Each structure stands twice: as structure tokens, then as C-alpha cells.
Amino acid sequence: KPVISLSQNECLRPPSPAALEAAARAVKDGALYPDPNWQPLRGALADLHNLHPAQVVCGAGSLDLIASLARVYAGPGRAVLAPRNAYPFFRTSAQMANARFDTADETDFTASVDALIAAVAPDTALVFIANPGNPTGTRLAGAELRRLRAALPDNILLVVDEAYGEFADHLGETCLDLIADGNTVVLRTFSKAYGLAGLRVGWGAFPAAIAAEVQKALNPSNLSGPAQAAAFAALQDQDYMRDTCNLTARLRSETVDRLRAIGLAPVQSLTNFILIDFQDTDAAHSADAALRSEGIFLRPQGGAGLPQCLRMTIAGQPALAAATEVLAHWKGQVPG
């Protein structure tokens, strides 16, 4: 049977044709080292988001930046705090830095500002929050993030991971202005809405002083020449990216409706994936087994503390239809 992967939150379309052409041209210079300061890309990101180039740091995916932030600002004797069902790499980055990892309860699959504030400890050095969240797909309003920042002590660094931010930008609630307070970082990536996951390009908006420190912990020449060229070209084709987000939203809405029609409980999402709550761990395992028997792979969420859930990437309509058909058949076979 053909394998259908709906587990990686990859983009449902290839990159912009302009990005593909730029990468192909850059390969011809493959004998040369890439720009270690990502200058054209950095400048384009700064122009697009009303930042100074010194506030922009690029990494090999946002994971590169998350790990570097933990290495620089966490460590032995310090703690990292995140929502309980947050992106599992937040925990991994804390463990890599030999820091304690603390969590705060969520409410209805959504991070709770009050719970995060209450969970701050004397040794908390860094707070990670993904917005929209992964694997939940839910999002805090900008006012809530500003309330969180205002309540945190000045010596705690807040890192807002907006890997799926482009899918929610239509709400007009960017948090990039939070970096002006000097102790907040906002991360983004080209992996999702821009379709460049295989080229590994992430970036962040940093207070300039924090940017300088984090760059010391990054590998030099961390972004290849073709990756930088493709990302730069993708930024120039905002219409293509927006079309991708709009298509994703339409297919996501249609899939949520189909899942609800067969009696399942998808969580409302603002990303390119849907979290399906089976409300029982055994049921989630059973549904996963039924999907895998047909060559369809969703992502189990036990690692994020949600063993009763599976996460489904929004892919093309045929793949989504195949998955929902299997789930409908499985649901019809479930006793009761």
C-alpha cells in the first residue's frame, strides 16, 4: 500500500517557484562557504517585519535557535518553564542544557497565562510558549501574551515560538513588538507556510543584546547558500505563501467538519494540523492501528502528555479523504 504521512506538519504545497529557482542557482556556488551573517536574508526579514537587521538571528530551523537559547540562558541550577502539553523539544532543549524542566497546566488544550505565572519558581530563567501551540493548534490572544510578559520578572527570558504564525497572521495580532522590552524573543520558521522544511531555515526577532549572545552559541555558517537563497526568494513571493495558508485553512475547516460528522472531537486549530481528541488512550491506539494498517500515519501525542490524541497534518485533499474514510470505518466498528 502507498504510505501517506500526515505526521510531520509539512506544507501541503512545494516551495514557491521563485524559491526553487533561487536555490538551483545558488547550488552553482556550492564550492563556496555561505554568508555566515545571512545578510541579504536578514535584511529582507527586517524590512518585512519592521525590525533592525541586528535584531534578526537565523538558525538551521527554529530548533537550532531554541537549543541555543537554552544553552545560553538555562543550565545547571536554572529552570525552564512551558505549558504542560507544549512542543516536546522545549523539554529536550532544557535537558540538553542540564536545566530542570517545569510545566504549567493547560485549559481546554490552550496554554494558561495564570498557570504559567503561578508556576514561576525562584530559579526560573526561561519560559517557552508556542503560539499557536504544537500539538494543540490553539492560540493565545496577543493581549494574553502581553499580560504574561508583564507579570514575569525582568530576569526571565520569554521565548514565543511562532512556527505556525503565518497561519494566524490574518488575526492581526503580531507579538514581534514584545522584543522591545529587552527580555522577549519571538521565533519563526520557513518550514511550514513557506514549504522549506527540507532546507532548514528558522529565524527569530531578538533584542540586539540577546541576539549577540545567542550567535556565540550557533554553529558558524549554519545555513547553506541554497537555503539562504531559497528563503530570500520565498519572502519576495508573499502571495504564494498567503495562497498556501488560505488553501490550508479551507482544507482544515472541511476536515474538521468531516471528523465531527463521524463523531470525533477535533480541537479547533489555527495551524496546518488538527489535534483529534479520542478521549481515551486505548481508543487513540486503536484508531492509530487502523490507520497504520492502511499505510496512513498520524502522530501519536503521548510525548506531549496527550496519549488520548492523534495529530493530523493538513495535506492534499486525497490524503485527508483517505484518512477520514479509515477513521469513519473505525468509528463504525467501535462498540457502543
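Colleague: What makes strand 14 and strand 15 count as a pair?

Modeller: Bear in mind that this is a predicted model. Strand 14 and strand 15 (residues 306–313) are joined by three bridges and run antiparallel. Pairing takes at least two bridges, so these strands qualify. One facing couple here is Gln301 and Leu306, the latter in strand 15.

Colleague: And why are strand 11 and strand 14 called edge strands?

Modeller: The open sheet has four strands in the order 11-12-15-14, with antiparallel pairing. Strand 11 (265–266) and strand 14 (299–301) each have a single partner strand, so one side of each lacks a neighbour in the sheet.

Colleague: How do you know that strand 12 pairs with strand 11 and with strand 15?

Modeller: Count the bridges again. Strand 11 and strand 12 share two, in the antiparallel sense, and the cut-off is at least two, so that is a pair. Pro266 stands opposite Ile276 there, and a hairpin of six residues links the two strands. On the other side, five bridges join strand 12 to strand 15, with Phe273 opposite Thr313.

Colleague: What makes you say that strand 12 is largely enclosed?

Modeller: Five of its five residues are buried, so the rest of the structure largely encloses strand 12. Phe273, Leu275 and Asp277 point one way, Ile274 and Ile276 the other way, and all are buried. Helix 9 (residues 238–261) also packs on the sheet, touching strand 11, strand 12 and strand 15. The direction of helix 9 makes about 15° with that of strand 12.

Colleague: Why is the Tyr164 and Phe273 pair called edge-to-face?

Modeller: The ring centres of Tyr164 and Phe273 are 5.2 Å apart and the planes differ by 80°. A pair needs centres within 6.5 Å, and edge-to-face needs planes over 60 degrees apart, so both tests are passed. Tyr164 sits in the loop between strand 8 (157–161) and strand 9 (184–189), while Phe273 is in strand 12, 109 residues apart.

Colleague: Are those two residues buried or exposed, and how do you know?

Modeller: Tyr164 has 4% relative accessibility and Phe273 has 0%. Buried means under 20%, so both count as buried.

Colleague: What makes Arg311 count as sitting over the ring of Phe273?

Modeller: The charged end of Arg311 is 5.6 Å from the ring centre of Phe273. The distance limit is 6 Å, and 5.6 Å falls within it. Arg13 does likewise with Tyr240, lying over its face at 3.9 Å from the ring centre.

Colleague: How do you know that Asn9 makes polar contacts with Tyr164 and Arg311?

Modeller: The side chains of Asn9 and Tyr164 come to 2.9 Å, and those of Asn9 and Arg311 to 3.3 Å. The limit is 3.5 Å, and both values are within it. Asn9 belongs to the loop between strand 1 (4–5) and helix 1 (17–27). At 1% relative accessibility, Asn9 is buried. Among the residues Asn9 touches are Asn134, Lys192, Phe273 and Thr313.

Colleague: Back to the rings: how many aromatic pairs does the whole structure have, and what makes Tyr87 and Phe90 one of them?

Modeller: The search finds six aromatic pairs. Tyr87 and Phe90 are 5.6 Å centre to centre with 85° between the planes, an edge-to-face pair. Phe90 is buried, at 0% relative accessible area. Tyr87 and Phe90 also belong to one aromatic cluster with Phe89 and Phe128.

Key:
Residues are numbered from 1 along each chain as its sequence is written. This is a predicted model: local features need pLDDT of at least 70, side-chain atom pairs count only at pLDDT 80 or more; totals for chains, interfaces and linings use all residues. Side-chain values use heavy atoms; hydrogens and water are left out. Rings of Phe, Tyr and Trp (its six-membered ring) pair if their centres lie within 6.5 Å; planes under 30 degrees apart count as stacked, over 60 as edge-to-face and the rest as tilted. Buried means under 20% relative accessible area, exposed over 50%, partly exposed in between (1.4 Å probe, protein chains only). A charge sits over a ring if NZ of Lys or CZ of Arg is within 6 Å of the ring centre and within 35 degrees of the ring normal. Contact means heavy atoms within 4.5 Å. Axes are lines fitted to C-alpha atoms, for helices over the stretch in contact, and angles run from 0 to 180 degrees between N-to-C directions. A polar contact is a pair of N or O atoms within 3.5 Å; within protein, one must be able to donate a hydrogen and the other to accept it, and residues adjacent in sequence count only if both atoms are side-chain atoms. Lists of a residue's contacts leave out its neighbours within four places in sequence.
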